[in-house]
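Reader: I'd like a close look at one small part of this model, taken slowly. Could you start from a single residue and then work outward to the rest?

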Amino acid sequence: MAEKSRNRMTFERLKYYRNLGGGVISCIRSRMSKTPRPLCFSLMVTNKCNCDCDYCFWKHKSQNEDMPLEEIQRLLKEAGELGYLDTLLWGGEPLMRDDITEIAKSAHEAGLYTKLSTNGWFLQENPGFGKYADLMFVSMDAIGKPHDDLRHCPGIFDRVVSGIEYHKIHSPKMRIYVCCTVSAQSSFEKIKEVSQFCKDADILHYLTVNKSNQALEEAKNVKDMELESDQLSELFIKLKELKHQGYPIRNSDYFMDYIIDKKNYYECHWPRIATVVYANGDVLRCYDREPYISVRGRALKDVISDPLYVETVNKCQDCKLACVGNYALDASGLWRLEWPAIKSLMQIAIT
Ligand SMILES: C[S@@+](CC[C@H](N)C(=O)[O-])C[C@H]1O[C@@H](n2cnc3c(N)ncnc32)[C@H](O)[C@@H]1O
Ligand code: SF4
Ligand code: SF4
């Protein structure tokens, strides 16, 4: 008898539907509310990292101080009480925190759909978090040495592969995605090989793109690594075909079509949807990335009702930057209740 797929529909998966359904309802509530009612709590748990990826948007922050466990636990608890639906724990490298299991546990106990994004180096040293995380993204940009080279981290590819195998066994309920960052060093052939790896390993594949019109002094490396719109479009035509041939790519068609059609504007609502908190407690203001408000020592409820926060967040719909980022695009489509966005996110949910 054929083995059951890890990605088949299970009772636990219903939680994802609660999340998606809750997302639609929260978007409607958020649209009707004058004050922001964000639903995603994105938390950089550390700035520290063992890699040095050329395209990394965040590595220049590595000297900042990280928040202690107690403060993170408080924030996650408050996020659950305030009605946030999910959390993404990321970094830097989140598995470099020796209290990451406690952090994931607190997120889970707060009722948040808990996701963690890792470069995979420390997966086997961390058996515990997989009991609480609903989903993990593990980065893999290419197969073998080219991945080590991109991350400037010799040996990381092999550790990612063995770490994934380990968690497939030890964390059977956790969804596993391989996350491929599309940059000037990517090619269709390399990405197809990664997708084949995911197909063979019975896990899922997600592509991240980050293309912004911002020219950030602090992150010049990012601009150098971006593909031009024409190149991205050509690449995504082929990747969309691959997805429709049955490779386990789980980016929405909505997102892929935006890139393929070389669109250059959409009404963005990302800051209304997500609260992104840096490891030192600063809340991200995406359109200039300047620090403006902090959650340190302050109730989350007070932060998100602070007039400065409200004004900043409400400004987003006038933002003309139209960042090509997966979350911002998909979530803004959902927020605007656009059927193509809802439809393609539902398609992902059931597969
Ligand atoms: C910021 S990292 C945090 C987790 C971990 N350090 C890692 O690399 O997986 C999360 C994801 O963002 C990706 N990423 C980093 N810089 C990016 C950029 N400029 N554009 C798009 N994705 C990026 C990484 O490759 C990774 O897959
Ligand atoms: S592993 Fe992640 S956080 Fe570290 S440098 Fe690479 S992209 Fe940045
Ligand atoms: S397009 Fe959206 S995510 Fe990008 S800077 Fe503007 S408001 Fe922020």
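**Starting from asparagine 7**

Author: Asparagine 7 sits in the segment before α1 (14-32). Keep in mind that this is a predicted model. Is asparagine 7 buried or exposed? Neither, quite: asparagine 7 has 15 other C-beta atoms within 10 Å, so it counts as partly exposed. Leaving aside residues up to four places away in sequence, asparagine 7 touches Asp202 and Leu204. Isoleucine 203 is 196 residues apart from asparagine 7 in sequence, yet C-alpha to C-alpha the two are 7.0 Å apart in space.

Now for a helix. In α3 (residues 100-109), the buried residues are Ile100, Ile103, Ala104, Ser106 and Ala107. Look down the axis of α3 and these buried residues fall within an arc of 160 degrees, so they line one face of the helix. The spacing makes sense, because an α-helix has 3.6 residues a turn and residues three or four places apart point the same way. What covers the buried residues of α3 includes β1 (40-46), α2 (69-82), β2 and β3. Just after α3 comes glycine 111, with a positive phi of about 85 degrees.

On to the ligands. Ligand 1 is surrounded by 18 residues, and the closest are Phe57, Asn119, Ser139, Thr181 and Asn210. Two or more residues of that shell come from each of β2 (86-91), β3 (113-118) and β5 (175-181). By class, the shell around ligand 1 has eight nonpolar, nine polar and one charged.

Asn119 turns up again around ligand 2, where its companions include Cys49, Cys51, Cys53, Cys56, Trp58 and Arg151. Here the split is five nonpolar, three polar and four charged residues.

Ligand 3 has another set around it, with Cys268, Cys286, Cys316, Cys319 and Cys323 among them, along with Trp270 and Tyr287. That shell has eleven nonpolar residues, with no polar and no charged ones.

One last stop is a helix pair. Helix α8 (residues 229-244) packs with helix α9 (residues 253-260) at an angle of about 145 degrees, and their axes are 8 Å apart. The crossing of α8 past α9 is left-handed. From α8 come Leu232, Ser233, Phe236, Ile237, Leu239 and Lys240, and they meet Asp253, Met256, Ile259 and Ile260 in α9. Sorted by class, the residues of this contact are seven nonpolar, one polar and two charged.

Methods:
Residues are numbered from 1 along each chain as its sequence is written. Chains are lettered from A and ligands numbered from 1 in the order in which they are written. This is a predicted model: local features need pLDDT of at least 70, side-chain atom pairs count only at pLDDT 80 or more; totals for chains, interfaces and linings use all residues. A residue is near a molecule or strand if its C-beta atom, placed from the backbone, lies within 6 Å of it. Helices (H or I, at least four residues) and strands (E, at least two) are DSSP runs, numbered from the N terminus. Ala, Val, Leu, Ile, Met, Phe, Trp, Tyr, Cys and Pro count as nonpolar, Asp, Glu, Lys and Arg as charged, and the others, Gly among them, as polar. Axes are lines fitted to C-alpha atoms, for helices over the stretch in contact, and angles run from 0 to 180 degrees between N-to-C directions. A crossing is left-handed if the near helix is turned anticlockwise from the far one by less than a right angle, and right-handed if clockwise. Two residues are in contact if their C-beta atoms, placed from the backbone, lie within 7 Å. A residue is buried if 20 or more other C-beta atoms lie within 10 Å of its own, exposed if 12 or fewer, and partly exposed in between; C-beta atoms are placed from the backbone. The arc is that of the directions from the helix axis to the C-beta atoms.
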